[in-house]
Amino acid sequence: MVSIKDIMKAKTHFDNDVVKETPLQYSEFLSKKFDAEIYIKREDLQIVRSYKIRWAYNFISSLSEQEKKLWVVAASAWNHAQWVAFSCNNLKIKWTIFMPKTTPNQKVRKTKKFGGEYIDIVLIWDNFDEGYEQAIKFCKEKWSIFVHPFDDEKVIAWQGTIALEILEQIWNKEIDYFLVPIGWGGLISWISTFVKSLSENTKVIWFEPTWSPDFYLSFQKWEIVNIDKVDVFADGVAVKNPWKKTFQIVKKLVDDIKLVEEGLIWKYLLDMIDDAWIILEPAWALSIAWLEKVKNEIKWKVVVCVLSWWNFDLTRLPEVKERALKYEWLKRYFIIKFPQRPGALKDFLWYLWEHDDIVFFEYVKKHSKQNWPAVVGIETDKKENFKRLIKTFEENNVDYQDITDSHLFDLLI
């Protein structure tokens, strides 16, 4: 298991022209919102917008001269590729990266940009696990160096330097909570290793989304559990199973695991943009979203959240907003069967109040001469408004169906 000495030694090997000591900022927005003392570690300010440059660059630069003459190989669930690409280009080392064919074009372009002439991208497989197996096979065939994204003691030690910096930057305060999202467990491994060695009273909490609870289920059963399907929208935590080395560390040192529902993640991703001017990937809104669920527990406590991965495709913001509004019950979609007579739509408008807005309207296939169904999307400013609206529908015998959370929504919208 990685020790404090390993982490401190890793810090001495940093190339300060590439890897920066990022600030630990007091968040006025979050602190006021939750009546706590909340700090955010700004790893999104690294040169490639992620903490992963800490180990990617130093791992590759630490190779022997003979090893550097070989090809470097990596498997990536989209983000890892960019930091390895930057490092190999900077150090003039050839490399091959295996990535899922579902990788967004934006991230493929960035990887090519970072890697320049030194990269060879293979886009074939549907998920990380398949890509990982092929990368290992390629390494054996080509006598290459494999750069693991998380399940390696050197990797864990270099990532642990973030915890070292945090404790140096807030040395005069006792931290009550460290909040960290979890993918394969590398990040939480170094945090828990360093923090628990110095402060047993500090709680280290990790988070997963409800649609990818591999660590959560494994933690409950005390053994590695595989899940069949994950949602890749929050690709940084879209994982089917924990890895052996990181799971052993997490199982021993982490205090608790929490699941965060999808809509809350989208809400706080938008809030961090609107109120704090910080752009996060969905995976990194997890720990911020959890604050909402335990706001009474953390009152007057000192909380540190690690933020990373300013690597979000801004063209997806409308989709994020849509998901967030649906979660907060500020936007709902209905199938309304309008009577086939003049003035039916005008009568329907009387059911709406001042802050209710029709944002989507589309007729669907006509079924009878008596009525004509339409899909109607309504947005409002308070979730209570929909309770009032539905009550009004029922009092006036409106033939309606709420399809916001049903499979019909995906078919019709």
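# Close-up views of a predicted model

**View 1. The end of helix H6 and the glycine that follows.** Just past H6, the backbone at Gly-116 adopts a positive phi of about 60°. Like everything else shown in these views, this comes from a predicted model. The helix before that glycine covers residues 105-115, and its buried residues are Gln-106, Lys-107, Val-108, Thr-111 and Gly-115. For the wider setting, the protein chain holds 18 helices and 14 strands. Of its 413 residues, 56% are buried. If you take the contacts between residues at least 6 apart in sequence, 73% of them join residues at least 24 apart.

**View 2. Helices H13 and H14 crossing.** Two packed helices are described by the angle between their axes and the distance between the axes. Here the pair is H13 (residues 262-276) and H14 (residues 286-293), with axes that come within 8 Å and cross at roughly 110°. That angle makes H13 roughly perpendicular to H14. Which residues do the touching between H13 and H14? From H13 come Leu-264, Ile-265, Tyr-268 and Met-272, and they meet Leu-286, Ile-288, Ala-289, Glu-292 and Lys-293 of H14. Sorted by class, the contact of H13 with H14 has seven nonpolar residues, two charged ones and no polar ones.

**View 3. Strand E10, covered on both faces.** In a regular strand the side chains alternate between the two faces of the sheet. On one side of E10 sit Val-302, Val-304 and Val-306, on the other Val-303, Cys-305 and Leu-307, and all of these are buried. With six of the six residues of E10 (residues 302-307) buried, this strand is largely enclosed by the rest of the structure. So who pairs with E10? Strand E2 (residues 37-42) runs parallel to E10 and is joined to it by six bridges. One place to spot this pairing is Arg-42, which has Leu-307 of E10 as its bridge partner. Strand E7 (residues 177-181) also pairs with E10 in the parallel sense, over three bridges. There, Phe-178 has Val-304 of E10 as its bridge partner.

**View 4. The open sheet E12-E13-E11-E14 and the helices on it.** Four strands make up this open sheet, in the order E12-E13-E11-E14, with antiparallel pairing. E12 and E14 stand at the edges with a single partner strand each, so one side of each has no neighbour in the sheet. On average, neighbouring strands of this sheet are turned by 25° against each other, direction ignored. E11 and E14 pair in the antiparallel sense over three bridges, and Ile-335 stands opposite Gln-401 in E14. Helix H15 (residues 317-327) lies across E11 and strand E13 (371-379), running at about 75° to E11. H17 packs on the sheet too, touching E11, E13 and E14, and its direction makes about 15° with that of E11.

**View 5. Two salt bridges between distant parts of the chain.** First up is Arg-332 with Asp-405, whose side chains meet in a salt bridge at 3.1 Å, N to O. The two are 73 residues apart: Arg-332 belongs to strand E11 (residues 331-339), while Asp-405 is in the loop between strand E14 (400-402) and helix H18 (407-412). Buried or exposed: which is Arg-332, and which is Asp-405? Arg-332 is buried, with a relative accessible area of 2%, whereas Asp-405 is exposed, at 62%. Next comes Asp-356 with Arg-388, a salt bridge at 2.7 Å, N to O. This pair also links distant parts of the chain, 32 residues apart, with Asp-356 in the loop between helix H16 (344-349) and strand E12 (357-363) and Arg-388 in helix H17 (residues 384-395). Both Asp-356 and Arg-388 are buried.

**View 6. A partly exposed pair and a network.** Arg-316 and Glu-319 form a salt bridge, with the closest N and O atoms 4.0 Å apart. Arg-316 is partly exposed, with a relative accessible area of 26%, and Glu-319 is partly exposed as well, at 32%. Elsewhere, a network of salt bridges links Lys-41, Glu-43, Arg-54 and Glu-165. The salt-bridge count comes to 17.

Methods. Residues are numbered from 1 along each chain as its sequence is written. This is a predicted model: local features need pLDDT of at least 70, side-chain atom pairs count only at pLDDT 80 or more; totals for chains, interfaces and linings use all residues. Side-chain values use heavy atoms; hydrogens and water are left out. Buried means under 20% relative accessible area, exposed over 50%, partly exposed in between (1.4 Å probe, protein chains only). Axes are lines fitted to C-alpha atoms, for helices over the stretch in contact, and angles run from 0 to 180 degrees between N-to-C directions. Angles under 35 degrees count as roughly parallel, over 145 as roughly antiparallel, 65 to 115 as roughly perpendicular and the rest as oblique. Contact means heavy atoms within 4.5 Å. Ala, Val, Leu, Ile, Met, Phe, Trp, Tyr, Cys and Pro count as nonpolar, Asp, Glu, Lys and Arg as charged, and the others, Gly among them, as polar. Two strands pair if DSSP finds at least two bridges between them.
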